[in-house]
Amino acid sequence: MSKLTARPGNDLTGIAAIPGDKSCSHRALILGAMAEGESVITNLNSAEDVMRTMRAVKAFGAVVEQDGEQWRMRGAKWRTPDGPIDCGNSGTTARLLIGAVAGMAGVSASFVGDASLTARPMRRLVAPLIRMGAMIEGGDTLPLTAHGARLGGIDFTSIPASAQVKSAILLAGLSGSSPVRVAEPVASRNHTEIMLGEFGCIVEAVNGGIALGAERELAACAITIGTDPSAAAFALTAAAIIPGSSVTVRDMLVNPLRTGLFEVLEEMGAAVALANERIVSGEILADLTIGHGRLQGVTVAAERIPAMIDEIPALAVAAAMADGETVIHGLAELRVKESDRLGATLAGLIACGVTALADGDTLRIFGRGSARGGWVLAHGDHRIAMAFLTLGLAADGPVSVDDGAMIATSFPDFVDSMRGLGADIG
């Protein structure tokens with residue numbers, strides 16, 4: 001257990017030190033391991049979740065070496081690893097690699113994880129892969145064993161929308177030539193589609209969904225990863241709720257399917273400015289600055305949630321410090337994250353004196369522009385811990401989380417980064 005406490009008192013100013021995007025880092029390692037030749041990855045996220053994927057692709061035969069601030073990797077014909085692939089707390093590692101292995105004839109691998117990951121559902125991932133002809137042993141949760149095979153095609157609608165399920169299907173389909181199409185009721189993150197294009201496999205828009213093209217061989221390339229908006233969310237939310245604050249994040253990934261939180265913060269009244277937009281490795285990057293504003297409650301429709309699914313705890317903190325009611329719809333997916341993230345967010349708000357309630361998959365927060373200090377249970381969830389430490393910087397008294405150790409799964413330098421802006425956390 002590693003208790004952390006955030007104390008109010010200082011405004012936050014400066015340029016935040018934020019790691020490379022975690023989602024893109026996982027995908028760069030997996031596609032680099034599947035590609036022919038040497039790929040070079042710049043700004044790879046080095047958090048524990050991503051290192052789980054790195055250790056896994058090495059176990060499958062890829063060579064990965066650090067070269068200063070870059071990582072060089074050489075893809076290889078994948079082999080059966082010597083032991084189980086331990087995904088730790090990383091659902092992305094498990095789901096994407098199960099998909100990749102499912103399409104590799106002659107390769108078998110077992111996937112295990114920690115107590116949190118082994119409680120998370122895998123059936124919606126496994127079912128479409130089995131429809132493609134995959135051989136997967138196990139139940140609805142990890143551990144699972146995938147035996148690679150040459151798969152057929154699929155025309156699949158993913159409900160609810162899930163970038164991980166979509167990505168697993170696309171990766172599984174790379175080894176075959178049959179049509180593979182995935183549709184979603186609302187677009188989920190498209191980093192896999194964009195990065196496949198960088199590696200030479202174009203993903204096409206077909207009949208309201210996305211489909212693998214005829215060319216599916218992957219060629220090594222250079223990938224530069226933008227700054228992680230999910231990790232940046234906490235410093236930028238803190239700037240929005242603490243008077244006198246202004247925080248900039250440089251080279252941030254501003255893919256429209258990842259910027260939902262910042263759009264809502266601007267609607268609530270935060271000062272938001274974007275500069276230096278450009279396309280790097282297929283993704284839009286920019287410098288984002290957020291400053292304090294007098295926030296007002298808003299209503300967030302369910303169809304907007306995929307663009308901010310990981311940032312809901314941070315949005316809840318902003319709503320607590322706003323004036324008036326904020327209503328956030330469409331949060332059922334939060335029940336099956338690293339924790340029951342909806343329940344943990346609600347409990348944390350109440351522990352800090354904020355009036356809030358959950359009604360089905362809707363969260364209602366009755367903001368009064370203030371919160372008291374409190375003691376919050378993080379439930380082993382890195383985003384819950386970081387969100388309520390952010391609240392502690394703006395509340396009337398300190399906020400403590402029972403255990404901050406899991407922050408290392410996504411943002412090991414979180415405390416140092418926030419202190420660099422003037423935050424009192426320790």
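Guide: Buried means under 20% relative accessible area, exposed over 50%, partly exposed in between (1.4 Å probe, protein chains only). This is a predicted model: local features need pLDDT of at least 70, side-chain atom pairs count only at pLDDT 80 or more, and totals for chains, interfaces and linings use all residues. Residues are numbered from 1 along each chain as its sequence is written, and side-chain values use heavy atoms, leaving out hydrogens and water.

Visitor: Which residues of α4 are buried?

Guide: Helix α4 covers residues 123-131. Helices (H or I, at least four residues) and strands (E, at least two) are DSSP runs, numbered from the N terminus. The buried residues of this helix are L125, V126, P128 and L129.

Visitor: What do the buried residues of α4 pack against?

Guide: Contact means heavy atoms within 4.5 Å. Two helices and three strands are involved. The partners are α3 (91-102), β8 (135-138), β9 (144-147), β10 (154-157) and α5 (163-173).

Visitor: Which residue just after α4 takes a positive phi?

Guide: The phi in question is about 110°. It belongs to G133.

Visitor: Is M122 buried or exposed?

Guide: M122 sits in the loop between β7 (108-112) and α4. Its relative accessibility is 0%, so M122 counts as buried.

Visitor: Which residues does M122 touch?

Guide: Leave out residues up to four places away in sequence. M122 then touches A94, R95, L117, D140, T141, L142 and L144.

Visitor: How far apart in space are M122 and V272?

Guide: In sequence, M122 and V272 are 150 residues apart. From C-alpha to C-alpha, the separation is 38 Å.

Visitor: How many residues of α6 are buried?

Guide: Helix α6 spans residues 191-198 and is mostly covered. H191, T192, E193, I194, M195 and L196 are its buried residues. Of its eight residues, the buried count is six.

Visitor: Which residue just after α6 takes a positive phi?

Guide: Here phi is about 105°. The residue is G200.

Visitor: How many aromatic pairs does a search of the whole structure find?

Guide: Rings of Phe, Tyr and Trp (its six-membered ring) pair if their centres lie within 6.5 Å; planes under 30 degrees apart count as stacked, over 60 as edge-to-face and the rest as tilted. The number of pairs found is three.

Visitor: What is the angle between the planes of F234 and F414?

Guide: This pair is edge-to-face, at 6.2 Å centre to centre. It links distant parts of the chain, with F234 in helix α7 (residues 229-241) and F414 in helix α12 (residues 414-420), 180 residues apart. F234 and F414 are both buried. The angle between their planes is 85°.

Visitor: Why is the pair of F411 and F414 edge-to-face?

Guide: F411 is buried at 3% relative accessibility, and F414 at 0%. Their ring centres lie 5.7 Å apart. The pair is edge-to-face because the planes stand at 70°.

Visitor: Which residues do ring pairs link into a cluster?

Guide: F414 pairs with F234. F414 also pairs with F411. The cluster is F234, F411 and F414.

Visitor: What is the radius of gyration of the protein?

Guide: The radius is taken over C-alpha atoms, and the globule rule is 2.2 Å times the number of residues to the power 0.38. For 426 residues, a compact globule would come near 22 Å. The value for the protein agrees: 21 Å.

Visitor: What share of the residues counts as buried?

Guide: The protein comes to 12 helices and 24 strands. Its C-alpha atoms fill a box of roughly 60 × 45 × 45 Å along the principal axes. Of its 426 residues, the buried share is 59%.

Visitor: Among contacts between residues at least 6 apart in sequence, what percentage joins residues at least 24 apart?

Guide: One example of a touch across the sequence is M122 with A94. For the protein, the percentage is 74%.
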